[in-house]
Amino acid sequence: MATHFPKGFLWGGATAANQYEGAWQADGKGDSTADHLLGGSVTQPRRFAEDAEQPGYFPAHVASDGYHHTEADIKLMADMGFSVYRLSIAWTRLFPKGDEREPNQAGLDYYRRVFELCRQNGIEPLVTLSHFELPYHLTAAYGGWGDRRLIDFYVHYATTVLREYAGLVRYWITFNEINIGFLLGSYLSLGLPVPDGAVPISTTQTDAALQASLTALHHQLVASAKVVQIAHALDPANQVGCMIAGMVAYPLTAAPADVLLAQRANELNNFYCGDVQVRGHYPAMAKRYWQEHDIQLTVTDADAAVLAAGTVDFYSFSYYSSGTETADADKRELTGNMSVGVKNPYLTYSEWGWSTDPTGLRWYLNTLTSRYELPLMVVENGLGAVDTLTAAGTIEDDYRIAYLREHIQAMSDAIADGVNLIGYTIWGWVDLVSAGTGQMAKRYGVVYVDRDDTGQGTFRRLPKKSYAWYKRVIASNGADLA
Ligand code: BGP
């Protein structure tokens, strides 16, 4: 079969430190905001605990024990033919509290080993500097990203990393899903304090909460732009990208009110942050949104100059599903964890309420190309599902293969449309903890990890049926999707 994927296309998978590594106190690591989140489920939201050592189940403390499976896991990726591995650095392994000047050598050594092993195996590391966590001390003592001083702490951390791994890493992402903080997770993404026992991931925000979130987000955007400039100054070969949670919104009907609402959702969800990071300034809609919600945001001249000078080299995003908007308020509902709107009658939904919509991915890729004309990377995509071991000890995950096949086909079609797509990393190539629910049962991997929702298991790795399938896809550069 013909393939539209260009030669040198980057194929691989992604993980995030707090959902994969575990070893939360190993070798001098400090506790991160993620270490304070208890496990939940689709009906039981995750809760925050001030004391991360209190009895209870904290999924990030053990996660998939990736920290102790580094060599074996990189071998599996190499065996599948990965040319890229997206991973994040746990800030707390390098700066346990976040406001120190001197880094923790053991943390630096750990990631050096990871990157060297990747390189030895022909795998390009794609490194996220902050993926849904920050040193908890920065939340407890400073109030998280609401405090402007975090810009300097983050810039110091990032500069340390850029210097330390010069030549080993070329592709960088400053913040994971930077748009999530003000939409859903002010603690998760922005480290804003929440009361003990509170639900830190919420789809409803008061104007006061929005004020705090958008201020904190502004600090992240300035920090990101500073790091882009530093990365370029240190080595012009550095490529730095934004990372947006791709939340495509459709109108439920052709009623103009629905169409307008869907347009507004796309602007707010995707372009509020994307425009700042790609174009270097807030779009007009952001200013309208601030007025509508009575938000007072201080964008100093110096901030504006930093934003303008620190624009990204590529646009990366996650894509799982699409949402549907209606102007009829009575019809709006929570369609699954982390998604609001209304169910789309043309789509099917996962057990967690997420729609499967490969055409939405093609639409989004084309929309981004028209808007930004930048190289694009899909750095998260996959199906969270329950996997069951057969009596023979295998996992026949044909549903996952079907999901990935349709999305890879959609990417191929988008490339034929004229999109400059340069890479694809499936989310959770190895089973890991769900960010939204904290579950292990919501599995994304093409490699199974033996552990359950209480943290019990051997952590043994077991390739699923999708493993051999994805290996064939990569070997054929996307031609063999059968
Ligand atoms: C994105 C995050 C990831 C990941 C993924 C799947 O929002 O960047 O960290 O977890 O979504 O979501 P979940 O884990 O809730 O299924």
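Select His61 to begin: at 13% relative accessibility, this residue counts as buried (buried means under 20% relative accessible area, exposed over 50%, partly exposed in between, with a 1.4 Å probe and protein chains only). His61 sits in the loop between α1 (17-20) and α2 (70-80); helices (H or I, at least four residues) and strands (E, at least two) are DSSP runs, numbered from the N terminus. Show its surroundings and you will find contacts with Gly22, Ala23, Trp24, Asp35 and Ala52, leaving aside neighbours within four places in sequence. Contact here means heavy atoms within 4.5 Å.

A word on what you are viewing: this is a predicted model, in which local features need pLDDT of at least 70 and side-chain atom pairs count only at pLDDT 80 or more, while totals for chains, interfaces and linings use all residues. Residues are numbered from 1 along each chain as its sequence is written, and side-chain values use heavy atoms, with hydrogens and water left out.

**Zoom out to the whole chain**

Colour by secondary structure, and 14 helices and 16 strands appear. The C-alpha atoms fill a box of roughly 60 × 55 × 45 Å along the principal axes. For 482 residues, a compact globule would have a radius of gyration near 23 Å, and the chain's 21 Å agrees with that; the radius is taken over C-alpha atoms, and the globule rule is 2.2 Å times the number of residues to the power 0.38. Buried residues make up 61% of the 482. Of the contacts between residues at least 6 apart in sequence, 75% join residues at least 24 apart.

**Strand β14**

Next, pick Ile422, in strand β14 (residues 421-427). With 22% relative accessibility, Ile422 counts as partly exposed. Now add Lys7: the two residues are 415 apart along the chain, yet their C-alpha atoms are separated by 9.6 Å. Not counting residues up to four places away in sequence, Ile422 touches Phe9, Leu10, Pro375, Leu376 and Met377.

**A walk along the salt bridges**

How many salt bridges does a search of the whole structure find? There are 26, each being a side-chain nitrogen of Lys or Arg within 4 Å of a carboxyl oxygen of Asp or Glu. Here are three stops.

Select Glu124 and Arg119, whose side chains meet in a salt bridge at 2.9 Å, N to O. Glu124 counts as buried at 9% relative accessibility, whereas Arg119, at 32%, counts as partly exposed.

Move on to Asp413 and Arg362, which form a salt bridge at 3.7 Å, N to O. Asp413 lies in helix α13 (residues 398-417) and Arg362 in helix α12 (residues 358-372), so this pair ties together parts that are 51 residues apart in sequence. Asp413 is partly exposed at 24% relative accessibility, and Arg362 is partly exposed at 32%.

For the last stop, choose Asp387 and Lys464, where the closest N and O atoms of the salt bridge are 2.5 Å apart. This pair links distant parts of the chain, 77 residues apart: Asp387 is in the loop between β13 (376-380) and α13, and Lys464 is in the loop between β16 (461-463) and α14 (465-475). Are these two residues buried or exposed? Both Asp387 and Lys464 are buried. Finally, select Asp387, Asp397, Arg400, Asp431, Arg443 and Lys464 together: salt bridges that share partners join them into one network.
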